Number of protein chains: 2
Amino acid sequence: MTTTETTARSQDTPTAMIDRVASLLEVFDGHHRLTLAQISRRAHLPRSSAHRILQRLVELGWVERQGFQYTLGIRMFELGSQVVRRDRVHQAALPFMHGLHHSTGLTAHLSVLVSSDVLHLERIGHWPEQEQGWRLGARQPAVHSAAGRALLAQSEEWPELAFPSPATAYGIRTRTQLSRDLERVRDRGGVAVDDQGCTVGIAAVAAPIGPSESNLRAALSLCGPADAMPTDKAVAAVRMAAMDIWYAASGVTRLRGRPVRLIATTRNQ
Amino acid sequence: MTTTETTARSQDTPTAMIDRVASLLEVFDGHHRLTLAQISRRAHLPRSSAHRILQRLVELGWVERQGFQYTLGIRMFELGSQVVRRDRVHQAALPFMHGLHHSTGLTAHLSVLVSSDVLHLERIGHWPEQEQGWRLGARQPAVHSAAGRALLAQSEEWPELAFPSPATAYGIRTRTQLSRDLERVRDRGGVAVDDQGCTVGIAAVAAPIGPSESNLRAALSLCGPADAMPTDKAVAAVRMAAMDIWYAASGVTRLRGRPVRLIATTRNQ
């Protein structure tokens with residue numbers, strides 16, 4: 001038994017083992033194919049134990065081996081897709097997102113805040129075709145995106161919010177700039193407007209779905225080419241659809257413009 | 001320390017621990033929210049070790065706790081979505097799937113064979129809205145689906161293929177029925193046609209992407225209402241698009257109707 005193997009064995013407490021499995025799968029974040037050497041280096045695991053864990057994960061379908069390289073397995077996709085597919089807000093949002101895309105021609109995203117980023121849970125529409133950050137399952141810095149600022153505007157404080165260097169000249173750089181933008185979001189009734197903050201040439205508008213107290217805080221957004229974005233129309237459409245999704249997800253229906261709870265309606269309400 | 005805990009500890013070999021983490025995450029397959037009792041029962045794990053593993057997975061973001069219930073975490077979705085997003089065939093297929101959906105109004109799926117099922121890697125289109133089996137990340141029995149039979153028709157043998165009870169009166173029940181259908185698929189130049197084999201009211205046509213020797217064997221399909229399916233048009237559209245996707249994914253382009261390899265072209269070819 002080599003020295004690294006001895007060290008590996010002594011770290012095989014249950015929690016350490018969970019962490020190793022997780023860290024091994026996490027190295028594929030942003031990398032499609034990796035060799036054993038790359039995996040063991042990135043996961044900070046001895047080559048022997050990385051190999052041992054990989055072998056088992058391949059047998060379980062969580063990792064796939066193609067020649068000398070490994071990728072995440074189809075089982076990861078299958079389980080992961082259920083996280084979103086069974087979510088109530090996502091289910092409620094789908095028909096409205098298709099409707100928005102159909103009526104405006106713009107691409108609709110459903111996104112949530114994950115630490116300092118927004119993560120796209122759903123996307124309806126093909127444009128922009130090549131931009132990685134706008135894809136399903138991708139992240140964008142919250143402060144640079146309309147979806148992120150729509151969600152941030154609902155809170156008073158964001159102590160741990162990061163301000164990554166903007167990828168464009170239009171991205172927000174400071175807490176003061178952000179506060180000013182969030183004032184405008186609140187003046188607009190909660191709708192955030194972004195002009196090329198994430199990507200040159202792409203504009204977006206976003207509205208939060210439901211109040212800030214709700215469990216899953218998600219934003220609905222529409223993006224389109226910055227030089228041809230029908231901003232006013234998109235602001236109105238996104239605000240209305242976000243409200244409709246919230247009513248649909250929370251079992252509330254609107255009657256003559258007034259929200260009425262479907263379950264336990266009060267006659268005098 | 002209780003008896004179950006002692007048993008649990010003695011099973012904490014690395015492989016056993018990987019299996020326990022995996023089996024614990026796998027119990028969420030088909031279940032959105034589960035209690036600790038349900039998880040420990042379904043994963044065949046003592047309650048104490050299920051709780052210990054869950055706690056760590058919650059800290060890592062792989063599982064989320066909501067009150068007394070657990071769900072898969074957003075991190076599973078994020079990693080899982082990369083499996084497909086970074087796949088070459090998927091990337092090549094997206095524009096053609098959007099084009100197909102736009103020109104036919106039918107819903108396009110990109111699916112792969114996983115044991116006896118097809119698993120949907122991508123879906124463009126909103127219809128059918130409520131049917132779980134047609135959703136992104138969902139599975140359908142290969143023998144009952146057009147996508148499955150388009151892929152099965154490329155192989156001569158399928159020794160371990162299962163014939164689950166069809167959900168409709170139209171599903172294929174026997175190996176003989178399947179062989180007859182696959183003959184028709186081959187007569188149609190590889191395109192499979194299914195009339196309500198998976199779901200009453202839903203018809204589909206499917207073509208394999210690329211030859212059977214290729215690495216990722218995927219099928220492209222179009223589905224629509226059985227009573228208004230433009231079958232001939234869909235067969236032609238799906239066959240053409242599947243070919244285009246294969247050329248795009250494999251770096252081959254077609255010039256005046258003749259495939260020409262982009263890299264290493266031969267002058268006399």
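Trainee: Which residue does Asp19(B) form a salt bridge with?
Mentor: Arg56(A), with the closest N and O atoms 2.5 Å apart. A salt bridge here is a side-chain nitrogen of Lys or Arg within 4 Å of a carboxyl oxygen of Asp or Glu. Bear in mind that this is a predicted model, where local features need pLDDT of at least 70, side-chain atom pairs count only at pLDDT 80 or more, and totals for chains, interfaces and linings use all residues. As for bookkeeping, residues are numbered from 1 along each chain as its sequence is written, chains are lettered from A and ligands numbered from 1 in the order in which they are written, and side-chain values use heavy atoms, with hydrogens and water left out.

Trainee: OK. How many salt bridges are there between chain A and chain B?
Mentor: Eight between chain A and chain B. Over all chains the count comes to 22.

Trainee: Which residue does Glu78(A) meet in a salt bridge?
Mentor: Arg139(B), at 2.4 Å from N to O. That pair crosses between chains, going from helix α5 of chain A to strand β6 (residues 139-141) of chain B. Helices (H or I, at least four residues) and strands (E, at least two) are DSSP runs, numbered from the N terminus.

Trainee: Is Glu78(A) buried or exposed?
Mentor: Buried, because its relative accessible area is 3%. Arg139(B) is partly exposed, at 29%. The cut-offs are under 20% relative accessible area for buried and over 50% for exposed, with partly exposed in between (1.4 Å probe, protein chains only).

Trainee: Switching to the whole interface: what area is buried between chain A and chain B?
Mentor: About 5,100 Å², and carbon and sulfur atoms give 65% of that. Buried area means the accessible area (1.4 Å probe) that two parts lose on being put together, summed over both. Ile18(A), Phe77(A) and Arg85(A) supply 13% of the area that chain A buries against chain B, more than any other three residues.

Trainee: And how many residues does the contact take from each chain?
Mentor: 55 residues from chain A and 55 residues from chain B. Contact means heavy atoms within 4.5 Å.

Trainee: How many residue pairs are in polar contact across the interface?
Mentor: The rule finds 19 between chain A and chain B, both residues at pLDDT 80 or more. A polar contact is a pair of N or O atoms within 3.5 Å; within protein, one must be able to donate a hydrogen and the other to accept it, and residues adjacent in sequence count only if both atoms are side-chain atoms.

Trainee: Which elements of chain A give two or more residues to that side?
Mentor: Among them are α2 (14-26), α4 (47-60) and α5 (74-85), along with β4 (107-114) and β5 (117-124) of chain A. α5(A) gives the most, with 12 residues. By class, the side of chain A that touches chain B has 26 nonpolar, 15 polar and 14 charged residues. For those classes, Ala, Val, Leu, Ile, Met, Phe, Trp, Tyr, Cys and Pro count as nonpolar, Asp, Glu, Lys and Arg as charged, and the others, Gly among them, as polar.

Trainee: Back to salt bridges. What does Arg184(A) meet?
Mentor: Asp181(A), at 3.7 Å from N to O. They are separated by about one helical turn because they sit three residues apart in helix α8 (residues 175-187) of chain A. Arg184(A) is partly exposed at 44%, whereas Asp181(A) is buried at 8%.

Trainee: And in chain B, which residue does Arg186(B) form a salt bridge with?
Mentor: Glu183(B), with the closest N and O atoms 3.2 Å apart. Those two are also three residues apart, in helix α8 (residues 175-187) of chain B. Arg186(B) is partly exposed at 32%, and Glu183(B) is partly exposed at 43%.

Trainee: New topic: where is Gly197(B)?
Mentor: In the loop between β7 (192-195) and β8 (202-209) of chain B. Gly197(B) is buried, at 0% relative accessible area.

Trainee: What does Gly197(B) touch?
Mentor: His144(B), Thr168(B), Tyr170(B) and Gly171(B), leaving out residues up to four places away in sequence. Tyr170(B) is in the loop between α7 (146-152) and α8 of chain B, and is partly exposed at 46%. With the same sequence cut-off, Tyr170(B) touches Asp195(B), Gln196(B) and Gly197(B).
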